[in-house]
Amino acid sequence: GASAASATQDRKAGSARIGEAGGKGLVDVNPPRGTRDFFPEDKRLQNWLFGEFAEVSRLFGFEQVDFPVLESEELYVRKAGEEITDQLYNFEDKGGRRVALRPELTPSLARLALQRGKGLALPAKWFSIGQCWRYERATRGRRREHYQWNMDIIGVAGVEAEAELLAAIVTFFCRLGLTSADVGLKVSSRKVLQAVLARFGVADEAFGPVCVVVDKMEKIPRDKVVEELQKLGVAADAIEGILQALALRSVEQLEALLGPECAAVADLRTLYDLAAAYGYADWLVFDASVVRGLAYYTGVVFEGFDRAGQLRAICGGGRYDRLLGTFGGEDQPCAGFGFGDAVIVELLKDKKLLPEIKHQVDDLVMPQDESLRAQATAVAQRLRSAGRRVDLVLEPKRLKWAFKQAERCNAARLVLVAPDEWSRGMVRVKDLAKREEADVPVEELA
Ligand SMILES: Nc1ccc(Br)nc1
């Protein structure tokens, strides 16, 4: 009716009603476009997932590192046509500096390695869990932030590094209840493309950009890929050679095409032998079309995938022996992977493997009346000092409310501080699971 319309009109006009934020009505309580909030139930799940990331990293003897979500833009200027740099969340700060919200963690890790310089004991085995950003067109409606777990090995030139990283990923999947029937790890090496480009005389500078284009093979039509390769100046025969190499389905076929002395063949054979020693060879799938979309990979590349083919890549990584050099530093052989927090949760949901993690405390403590507030507080602190999680009732409440609250926080016990019992040095303890009640001396509480 008229009044509703005028009320809406008022709100839109921003009529200042008493106590309203700047007279503009309610602030937007939703998070910025493409970002997420984590309510307690969401944060419990995230903490569980990140706990698994950290535990696997610990089992593999990796040390945790961290760096700012805000970095100098120069870390990500690679001019290879990557989506990750095309969608950089960058801006000029108030000091006129070109900065960016990091789209990935690897460049920061490289920066720390260069910062430590000769002081960096090699091999360095580092892991990190951090939020990464991209500026997606609003139209595409995709997320603009996700959290990534990274593990990296700096200073090991052999594929033993990649084999160890793959073992960590398999360990993680197994801990969550996923098997090689649910997920696999596609492996290949960019040395395949390197050999093909060399055979056709394609300039080295084209290597990164060619890989970025080839990575889109499954996402855009083949003729578009051919067109983009032509734009990079790759000749027709070389394009044919690239497409032929990407279609190879076994290391034997690879050897037939590129010869036994091809570095890619040697790497992959060693990788398979090591995988057998780790016991995860049945998780591996050779797939020459896997190149990954980051320009800096130089050797073995891999990605985790769901065998049902319903989801995007679960994780991805590879060798990047030239990244430190591109920052003007001394090159170190490096390998690592990134593991996002989104696809894995979709997969666990599909497989009914998401754990139910409830809010839980050990004791709900309540004074029977406000005259015993100080005593109840002392009881709560005593229990906390003994390591028990205590929800202390902070305002006058009836027992009925306390039972409801005990249910909400899955308390094991309800501890009531009441006058008569207190005068005998006791409190009333209700064991909510066994439905038993007893008077307990305060000193025996925990
Ligand atoms: N690189 C990147 C950053 C943020 C999201 Br969401 N996806 C990819």
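1. A good place to begin is Pro 123, which sits in the loop that runs between helix H4 (106-116) and strand E5 (124-133). In this predicted model, the peptide bond leading from Leu 122 to Pro 123 is cis, and its omega is near -5°. As a general background, most peptide bonds are trans, and most residues other than glycine have a negative phi.

2. The second half of that background helps with another loop, the one between strand E2 (70-72) and helix H3 (83-86), where Lys 79 is found. Although Lys 79 is not a glycine, its phi is positive, at about 45°.

3. Turning to the helices, it helps to recall that two packed helices are described by the angle between their axes and the distance between the axes. Helix H2 (residues 40-59) packs with helix H5 (residues 160-175) at an angle of about 135°, and their axes are 10 Å apart. Angles over 145 degrees would count as roughly antiparallel, and H2 and H5 are therefore described as oblique to each other. The crossing of these two helices, H2 and H5, is right-handed. On the H2 side the contact is made by Leu 49, Glu 52, Phe 53, Glu 55, Val 56 and Leu 59, while H5 contributes Ala 168, Thr 171, Phe 172 and Arg 175. Sorted by class, the residues in this contact of H2 with H5 comprise 6 nonpolar, 1 polar and 3 charged.

4. How are H7 and H8 arranged with respect to each other? The axes of helix H7 (residues 207-215) and helix H8 (residues 222-231) come within 9 Å and cross at roughly 170°, which means that H7 is roughly antiparallel to H8. In this pair, Val 210, Val 213 and Val 214 of H7 meet Val 225, Glu 228 and Leu 229 of H8. The contact of H7 with H8 has 5 nonpolar residues, no polar residues and 1 charged residue.

5. A further pair is formed by helix H10 (residues 251-258) and helix H11 (residues 263-278), which pack at an angle of about 160° with their axes 10 Å apart, so that H10 is roughly antiparallel to H11. The crossing of H10 and H11 is left-handed. The residues that meet are Val 251, Glu 252, Leu 254 and Glu 255 from H10 and Ala 264, Val 265, Leu 268, Arg 269 and Tyr 272 from H11. By class, the contact of H10 with H11 holds 6 nonpolar, no polar and 3 charged residues.

6. Which residues surround the ligand? They are Ile 84, Pro 103, Cys 132, Trp 133, Arg 134, Arg 143, Arg 144, Glu 145 and His 146. For Pro 103, a backbone N or O atom lies 2.8 Å from a nitrogen atom of the ligand. For Arg 134, an N or O atom in the side chain is 3.4 Å from a nitrogen atom of the ligand.

7. Finally, Glu 330 deserves a look of its own, and its place is in the loop between helix H12 (323-326) and strand E11 (334-340). Leaving aside residues up to four places away in sequence, Glu 330 touches Leu 114, Lys 118 and Leu 324. With Lys 118, the side chain of Glu 330 is joined by a polar contact of 2.9 Å. Leu 176, by comparison, is 154 residues from Glu 330 in sequence and 39 Å from Glu 330 in space, C-alpha to C-alpha.

Note on methods
Residues are numbered from 1 along each chain as its sequence is written. This is a predicted model: local features need pLDDT of at least 70, side-chain atom pairs count only at pLDDT 80 or more; totals for chains, interfaces and linings use all residues. Side-chain values use heavy atoms; hydrogens and water are left out. Axes are lines fitted to C-alpha atoms, for helices over the stretch in contact, and angles run from 0 to 180 degrees between N-to-C directions. Helices (H or I, at least four residues) and strands (E, at least two) are DSSP runs, numbered from the N terminus. Angles under 35 degrees count as roughly parallel, over 145 as roughly antiparallel, 65 to 115 as roughly perpendicular and the rest as oblique. A crossing is left-handed if the near helix is turned anticlockwise from the far one by less than a right angle, and right-handed if clockwise. Contact means heavy atoms within 4.5 Å. Ala, Val, Leu, Ile, Met, Phe, Trp, Tyr, Cys and Pro count as nonpolar, Asp, Glu, Lys and Arg as charged, and the others, Gly among them, as polar. A residue is near a molecule or strand if one of its heavy atoms lies within 4 Å of it. A polar contact is a pair of N or O atoms within 3.5 Å; within protein, one must be able to donate a hydrogen and the other to accept it, and residues adjacent in sequence count only if both atoms are side-chain atoms.
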